[in-house]
Amino acid sequence: MTRTLRSVGVDLGDRSYDILIGPGARHGLAALLPVGARRAVIVTQAGIDVKVEPGIDHEVVEIGRGERSKSMETVGELGRAMARFGLSRSDVVIAVGGGLVTDVAGFAAASWHRGTPVVHVATTLLAQVDAAIGGKTGVNLPEGKNLMGAFWQPHAVICDTETLSTLPPEEWRSGFGEMAKYAFIGVDGLPGMPLEEQVAACAALKARVVSADEREGGLRMILNYGHTLAHALEAAGFAAEPGDVLDQVGAGPAAGPAAGHPLPRPQPVPLPLRHGEAVAVGLVFAARLARALGRIDDGRVREHDEVVSAYELPARLPRGAEPAQLIEFMLRDKKAHGELTFVLDGPRGVEPVAGVPSGLVTEVLAELKGP
Ligand SMILES: NC(=O)c1ccc[n+]([C@@H]2O[C@H](COP(=O)([O-])OP(=O)(O)OC[C@H]3O[C@@H](n4cnc5c(N)ncnc54)[C@H](O)[C@@H]3O)[C@@H](O)[C@H]2O)c1
């Protein structure tokens, strides 16, 4: 069987770059490195069994897993590793991992010598269709997610679909949730396509949106479709990135009684939704809200339900999620500016809609309460 690689361009003048997509695409890495780069620091995580061959002198640095490792401390450690290795500004950082690795390595590259090229080898579905493309990099602070960061466009992106074969089921679900949104912002027939075509179609759409609106001044907001509710579910603890899940599961014994006292039986903790699963609930919700505002009809709502169900993603609020609490978190969102704003479908396509009445949001959320 011949291997078909696709190449998609992100068009940003002298910061333009290619995204190479398909099975085995990682073998094209050496040809995508910046001309003149003589050394590479490869940033990855334990457990990601993806070997890359840059064809130049290189060192591999592993960072921790989970959102707690997406930190300024990790960026500092990477900087120190780059210093020890003697990485210069004309060399290259290579991120091999999911969105966490591409966000952190991208931010470290943006800061190293005030800007060193970075190439992303995305190894999760979510990173291939979203996180690795578009130049948003950053880390979390104890005060909030992604509060420190920079726009730093990669020199190239590789989406090797072979690397996805080791992804655990929850990472597939998370990627599919992020993918499902593309079915409503410009990719037709998405769930029926072979996987590589799905990745390529989503990457191509993200590339087009980023090319038109690099800094989220307008069009790029459509990429947040389904995300307002997803972020509220995350803030309220019903959805989480993997590290947050580990934190919660790991909290049991540490919080237990002192030695000598009988240990309580561990209670089964329902695992929070992964980010993409929360986006899926957000898509189903956004469709119903758009219908309640007269922007779309029943058929279009059904299309949302069908896409979410084709990816076997959740379409109901998790047990215990209350509309009033979710609305409170939506109002606190850094992009809310004191009123309820959603990205909603409508006659002109998906667009931001401000000033949505909270009573209506409550009614629509109540419709989505689980059994
Ligand atoms: N910059 C952006 O535009 C953007 C967009 C969306 C999300 N993000 C960020 O991306 C992060 C989430 O990314 P993610 O969902 O890829 O999670 P992740 O990077 O945390 O990866 C999830 C888990 O999968 C493991 N993994 C990665 N590749 C693997 C492989 N091929 N086989 C087996 N395991 C593998 C990782 O080690 C990790 O434990 C969040 O921090 C989020 O804020 C950034």
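How far should the 14 residues of α5 span, and how far apart are its end C-alpha atoms?

1. **Ground rules.** This is a predicted model, where local features need pLDDT of at least 70, side-chain atom pairs count only at pLDDT 80 or more, and totals for chains, interfaces and linings use all residues. Numbering starts from 1 along each chain as its sequence is written.

2. **Helix α5.** To the opening question: at 1.5 Å a residue the expected span is 20 Å, and the end C-alpha atoms sit 21 Å apart, which agrees. That expectation is 1.5 Å times one less than the number of residues. Helices (H or I, at least four residues) and strands (E, at least two) are DSSP runs, numbered from the N terminus. α5 is mostly covered, with 11 of its 14 residues buried. Buried takes 20 or more other C-beta atoms within 10 Å of a residue's own, exposed is 12 or fewer, and partly exposed is in between, with C-beta atoms placed from the backbone. Among the buried ones are Phe176, Met179 and Tyr182. They pack against α4, α6 (195–212), α9 and α10 (298–310).

3. **Ligand shell.** α5 (169–182) turns up again here: with α3 (99–111) and α4 (125–131), it gives two or more residues to the shell around the ligand. Of the 29 residues there, Gly98, Gly99, Leu100, Thr124 and Ala131 come nearest; the criterion is a backbone-placed C-beta atom within 6 Å. By class, the shell has 9 nonpolar, 12 polar and 8 charged residues.

4. **Core and domains.** The largest nonpolar core has 109 residues, and Ile19, Val93 and Ala203 are among those with the most contacts inside it. Such a core is a set of buried Ala, Val, Leu, Ile, Met, Phe, Trp, Tyr and Cys residues joined through C-beta atoms within 7 Å. Helix α9 (residues 275–292) supplies the largest share, 11 residues. At least three residues come from each of domain 1 (6–167) and domain 2 (222–236 + 272–367), bounds that come from an automatic or database domain assignment. The C-alpha centres of the two domains lie 31 Å apart.

5. **Two backbone angles to look at.** Most residues other than glycine have a negative phi. Arg114, in the loop between α3 and β6 (118–122), has phi near 60°; it counts as exposed because it has 7 C-beta neighbours inside 10 Å. Asn146, in strand β8 (residues 144–151), has phi near 55°. With 16 C-beta neighbours inside 10 Å, Asn146 counts as partly exposed.

How values were computed: Nonpolar A, V, L, I, M, F, W, Y, C, P; charged D, E, K, R; others polar. Contact = placed C-beta atoms within 7 Å.
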